[in-house]
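Q: I'm new to this structure and would love some help finding my way around. Could you walk me slowly through a single part of it?

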Amino acid sequence: MTKPATPFAPSRRALLAAGVSWAALPALSRAEEPSVSITLRPDLSRASTVFEGWGTALAWFANVTGGWPDAERERLADLLYGAEGLAWTIARYNIGGGDRPGVEPYLRPGAAVPGFWRQPERTTGTDWWRPDQEAMWDWSADANQRWWLDAIKARVRAPILEAFSNSPPWFMTVSGKVSGAENGADDNLRPGQEGSFAAYLARVVDELQRRHRIAFRTLSPVNEPNTDYWRAANTQEGAHWSPERQGAMILAADAALKARGLSTVVSAPDETNSHLFLADWAAYPAKVRAAIGQLNVHSYGVVNQTGVRDAARAAGIRLWMSENDTPLDKDPEDFEGMASALALAEHIVLDLKRLEPSAWVFWQALETLSARDGKKGSNWGLIKVDFRAPPEGPHAIQVTRKYWVMAQFSRFIRPGYRLVPVDDLDTVGALSPDSRELVLVHVNGGLSPRRLAPPSGWTERMVVTDIRRRAEPLEGLVVPPRAVATLVLKR
């Protein structure tokens with residue numbers, strides 16, 4: 001029912017004329033919009049992909065926060081992997097390439113992930129490294145990110161761990177930098193170094209498994225490879241790989257893992273988006289495809305996503321959406337804003353509907369504060385902290401509205417649930433292993449309340465995140481405007 005206007009509230013037209021965003025209007029004004037009805041028709045007979053879970057890459061935030069005071073880093077680990085936090089079960093550990101000793105720092109805060117090699121004194125050039133010499137390894141490196149491995153293991157009974165690389169070590173590169181080649185379209189691994197780089201990655205996987213008593217199920221040796229933006233002038237690790245060089249590296253990594261007797265398998269190509277993934281996949285010969293145990297794709301772009309789904313199905317290989325973060329473009333940094341939170345929620349829904357992946361993995365859950373030096377900043381990350389602050393703290397921890405939107409998915413669509421087709425574009429569904437619980441996550445990015453009509457024969461409860469609520473129960477089945485709602489239906 002439309003509420004009568006109140007003389008104490010300015011008119012909607014007056015507010016808009018004054019430059020006030022409709023998304024920022026108080027709930028009373030928004031409630032004047034008429035509600036609409038949405039019928040949700042999940043097809044339980046087509047429950048398909050078994051979902052393995054949610055998680056994050058640990059680069060670069062773990063390289064910073066793993067060295068913070070215990071109380072702070074434990075709180076962060078609880079927020080992400082604790083049962084009362086996001087309850088994530090997946091982590092991607094970044095094996096750092098590691099830059100030249102003594103080089104003037106040029107990577108952004110957190111991005112200088114240490115490598116596990118050690119350059120002996122009085123060695124010069126780039127051909128000094130020998131993987132079979134223990135003196136050339138440094139297992140004390142990367143202590144901060146490794147702290148997170150232990151913290152996750154303490155919170156998750158059987159975490160799924162993946163190791164991944166953004167760049168080879170500096171001495172294996174053409175440019176001498178881990179940030180890319182001078183020309184972004186050129187491969188940055190020196191010709192013939194595939195075996196050495198594979199030996200480096202496989203030994204790190206082996207050693208960390210033994211030292212931390214964990215298991216890396218997969219190793220991803222290349223990252224967003226077939227792009228032209230990994231240049232030496234960048235401020236993060238990255239490397240271009242042509243499809244041919246990707247194939248050579250995949251084969252080398254597979255051989256190195258097997259040579260060490262590891263059960264870890266290669267994941268690839270961790271491409272930026274689906275249309276580049278398909279270009280890579282089309283160029284791989286049969287022997288390269290056969291060496292891949294998991295297909296990874298990022299979703300920075302949504303063209304041809306069903307094509308990637310089909311490629312994975314045809315090959316019979318598990319598919320992950322292994323990296324994304326989707327803040328709304330030009331949305332200024334705002335810990336409580338819903339604009340970027342809704343953008344993330346819509347992106348997750350469409351990724352699950354079109355890719356039908358076995359897992360959905362965030363880029364990096366923690367991001368540094370970005371509204372600095374007169375800049376408005378952006379809304380990357382789920383939790384905002386200051387990467388530039390001294391490690392001894394104290395550190396302000398800002399849990400954003402995006403975090404609570406992520407909770408709408410990860411707290412309810414649990415490992416072992418099967419993705420279910422739903423005929424509403426804004427809704428994704430998942431069915432529990434015993435088929436007695438059905439989870440429907442609905443994104444209402446509009447201005448009208450939506451009255452949901454789920455299938456009959458179930459009891460229901462609804463949890464909502466909007467400008468007023470943080471993953472909180474809400475009576476009834478009316479989703480407020482600009483909100484994400486999770487329906488938990490039980491037989």
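Q: Please take a close look at the loop between β5 and α7, where R231 and T235 lie. What is R231 in contact with, leaving aside its neighbours within four places in sequence, and what is T235 in contact with on those terms?

A: Happy to help! Before we zoom in, a little orientation. What you see is a predicted model, with an average pLDDT of 94. A pLDDT of at least 70 is reached by 94% of the residues. One stretch calls for care: over residues 1–30 the pLDDT stays under 50, and the model gives that stretch 22 contacts beyond four places in sequence.

The protein holds twelve helices and 20 strands. Its radius of gyration is 24 Å, close to the 23 Å that the globule rule gives for 491 residues, so the protein is as compact as a globular protein of that length. Along the principal axes, its C-alpha trace spans about 80 × 55 × 40 Å. Of the 491 residues, 57% are buried. Among contacts with a separation of 6 or more, 72% join residues 24 or more positions apart.

Now to your loop. To find it, start from β5, which covers residues 216–220, and follow the chain towards α7, which covers 243–259. R231 and T235 both lie in the loop between these two elements.

Let's take R231 to begin with. This residue is partly exposed, because its relative accessible area of 38% falls between the 20% limit for buried and the 50% limit for exposed. Leaving aside its neighbours within four places in sequence, R231 is in contact with S179, G180, A181, E182 and G184. For a sense of distance, you can also look for S165: it is 66 residues from R231 in sequence, and the two C-alpha atoms are 16 Å apart in space.

Next comes T235. With a relative accessible area of 33%, T235 is partly exposed. Once its neighbours within four places in sequence are set aside, T235 is in contact with Y106, L107, R108 and A111. As a landmark farther along the chain, try P433: 198 residues separate P433 from T235 along the chain, and their C-alpha atoms are separated by 44 Å.

To put the loop back into its setting, consider the surface and the charges. The protein exposes about 20200 Å², and carbon and sulfur atoms supply 52% of that area. There are 57 positive and 57 negative side chains, and the centres of these two sets lie 4 Å apart.

Terms used:
Residues numbered from 1 in each chain as written. Heavy atoms only, no water. Helix = DSSP H or I, 4+ residues; strand = E, 2+ residues; numbered from the N terminus. Rg over C-alpha atoms; globule rule 2.2 N^0.38 Å. Buried < 20%, exposed > 50% of the residue type's maximum accessible area, 1.4 Å probe, protein only. Contact = heavy atoms within 4.5 Å. Areas by Shrake-Rupley, 256 points an atom, 1.4 Å probe, with all protein chains shown as cover. Lys, Arg positive; Asp, Glu negative; His and termini not counted. Charge placed at Lys NZ, Arg CZ, Asp CG, Glu CD. pLDDT = per-residue confidence, 0-100.
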